[in-house]
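I opened a fresh page for this structure. My plan was to look up charged pairs, then the contact between chains, then the nonpolar core.

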Amino acid sequence: MRPTSEALEELEVLCSPLASVNPTSPFSIPTGYFDQLPARILLRLNQHEGVPYEVADAYFNDAPQRFLSAALAESEGSKAPPKQLSLVFTPLQRAVEWTAAAMLVLFMGLGALKNYRQPTVSHAALKPHISDEQIVGYLVNNLDDLDPLWLEEQLHQVVTGDASDQLSTQEIREYLYYNYSL
Amino acid sequence: MIEHKEILSDADLLQLFKMTGSREQAFTAIVRKYQQRLYWHVRRMVVRHDDTDDILQHVFIKAWRGLDQFRSESGLYTWLYRIATNETLTWIDQQKKRTFLSLSDYESKVEQTLAAEPGFDASKLEWRLQQAIQKLPEKQRVVFTLRYYDEMPYEKMSEVLDTSVGALKASYHHAVKKVEKFIGQF
């Protein structure tokens with residue numbers, strides 16, 4: 001039975017059966033859960049969320065002076081003269097440089113020449129291996145703005161060829177309609 | 001080292017949290033002080049322990065981030081309850097969206113989750129009460145659990161939920177009637 005409280009008195013007025021129910025939850029919790037929770041949360045904060053770093057209260061008060069002193073000390077410590085580079089080339093150095101440049105140009109030229117060679121497979125050689133049906137299928141699948149009338153006209157010329165008297169325009173149109181929904 | 005953590009007031013804990021060197025200890029003391037109440041508040045809403053654990057960790061991580069800026073006008077207790085309630089309602093909302101469930105589908109999923117809990121027995125009154133609570137709309141469920149289990153005064157509840165006392169009383173009364181009706185069906 002729960003102790004008398006303002007909430008309980010209200011509940012008794014509203015609904016007496018509920019007021020007599022023991023208000024504990026029937027759910028179970030793993031053993032030791034509440035003992036470990038604070039440490040788990042801190043661990044998660046440290047690992048994933050990043051606990052903000054703490055600095056001494058007076059750290060920023062004298063920070064400018066400390067940074068300036070450190071910079072001055074470093075500049076005084078590094079007063080050794082910088083290494084001088086010679087701009088005078090010996091004849092041998094010049095010859096090596098010119099040779100390297102010539103070889104570079106030669107390789108670039110050869111590479112360009114290789115890329116501009118004619119393809120080894122000609123359209124004529126490929127033609128017997130690719131059917132008109134495959135070409136039409138490719139066009140249907142890959143062209144968004146395919147013009148069916150233009151295609152029909154081209155096919156009429158290509159497919160019928162010499163046998164134009166055997167296939168009528170209507171037949172070709174029906175063929176395209178039933179096979180390619182054109 | 002903080003001694004006798006359980007007897008320190010919220011004001012003392014907050015002061016310790018803001019002092020360099022005692023943040024983690026003060027935070028641990030805050031977690032220890034409120035973890036059980038917040039746990040049960042969340043658990044009664046979402047049922048599963050694993051989900052509750054996940055939400056509760058988020059609640060305390062948010063609390064850690066916000067404690068520096070926390071002004072004690074509303075009280076630590078109220079503030080933590082508000083974070084826990086918002087996190088829980090957000091989680092429930094995400095679950096519904098993530099699984100594309102309609103309200104009735106979601107209710108049946110929650111019923112299944114409840115039935116899968118260890119020791120579930122639909123013939124026992126405490127489990128039937130849990131079933132009835134899960135049938136309430138989320139915000140009414142929050143009001144019911146805060147009042148029924150935590151016995152939270154309406155004024156405090158008003159701060160937690162940012163709702164008027166009158167609206168909360170009406171919501172609680174409706175919830176009690178629904179629960180009573182559900183339990184009376186058996």
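**Entry 1: salt bridges overall.** I counted salt bridges over all chains and got 15. I keep in mind that this is a predicted model.

I looked up Glu117(B) next. It forms a salt bridge with Arg43(B), with the closest N and O atoms 2.7 Å apart. I then asked where the two residues lie. Glu117(B) is in the loop between α5 (103-115) and α6 of chain B, and Arg43(B) is in helix α2 of chain B, so the pair ties together parts that are 74 residues apart in sequence. Are Glu117(B) and Arg43(B) buried or exposed? I found Glu117(B) buried, and Arg43(B) is buried too.

**Entry 2: a second pair in chain B.** I checked Lys62(B) and Glu87(B). Their side chains meet in a salt bridge, 2.9 Å from N to O. Lys62(B) sits in helix α3 of chain B and Glu87(B) in helix α4 (residues 76-98) of chain B, so this pair links parts that are 25 residues apart in sequence.

I looked up accessibility for each partner. Lys62(B) has a relative accessible area of 44%, so I noted it as partly exposed. Glu87(B) has 16% relative accessibility and counts as buried, because the cut-off is under 20%.

**Entry 3: a pair within one helix.** I moved to Arg141(B) and Glu138(B). Their side chains meet in a salt bridge at 4.0 Å, N to O. Why are they separated by about one helical turn? They are three residues apart in helix α7 of chain B, so that is the spacing between them. I found both Arg141(B) and Glu138(B) buried.

I added a general reminder to the page: side chains of opposite charge can pair when their charged atoms come close.

**Entry 4: where the chains meet.** I turned to the interface. How many residues of chain B are in contact with chain A? I found 46 residues of chain B in contact with 36 residues of chain A. The two chains bury about 3,900 Å² between them. Of that area, 61% is on carbon and sulfur atoms. On the chain B side, Gln57(B), Tyr148(B) and Glu151(B) lose the most area to chain A. Together they make up 15% of what that side buries.

I then looked for charged pairs across the interface. The rule finds four salt bridges between chain B and chain A. One joins Arg147(B) to Glu6(A), with the closest N and O atoms 3.3 Å apart. Arg147(B) also belongs to a salt-bridge network with Glu6(A) and Glu10(A).

I counted polar contacts across the interface as well. There are twelve residue pairs, both residues at pLDDT 80 or more. I asked which helices of chain B supply the side that touches chain A. α2 (23-46), α3 (49-66), α6 (125-135), α7 (138-148) and α9 (165-184) each supply at least two residues. α2(B) gives the most, with twelve residues. By class, I noted 22 nonpolar, ten polar and 14 charged residues on that side.

**Entry 5: the nonpolar core.** I looked up the largest nonpolar core last. It has 75 residues. Leu18(A), Phe27(B), Leu129(B) and Phe144(B) have the most contacts inside it. α2(B) gives the most to this core, with twelve residues.

I picked Phe27(B) and listed what it touches, leaving out residues up to four places away in sequence. From chain A, I noted Ile41(A), Leu42(A) and Leu45(A). From chain B, I noted Phe17(B), Phe60(B), Trp64(B) and Leu67(B).

Definitions and conventions
Residues numbered from 1 in each chain as written. Chains lettered and ligands numbered in written order. Predicted model: local features only at pLDDT ≥ 70, side-chain atom pairs only at ≥ 80, totals over all residues. Heavy atoms only, no water. Contact = heavy atoms within 4.5 Å. Buried area = accessible area lost by both parts, 1.4 Å probe. Polar contact = N/O pair within 3.5 Å; in protein donor to acceptor, adjacent residues only side chain to side chain. Helix = DSSP H or I, 4+ residues; strand = E, 2+ residues; numbered from the N terminus. Nonpolar A, V, L, I, M, F, W, Y, C, P; charged D, E, K, R; others polar. Buried < 20%, exposed > 50% of the residue type's maximum accessible area, 1.4 Å probe, protein only. Core = buried A, V, L, I, M, F, W, Y, C linked by side-chain atoms within 4.5 Å.
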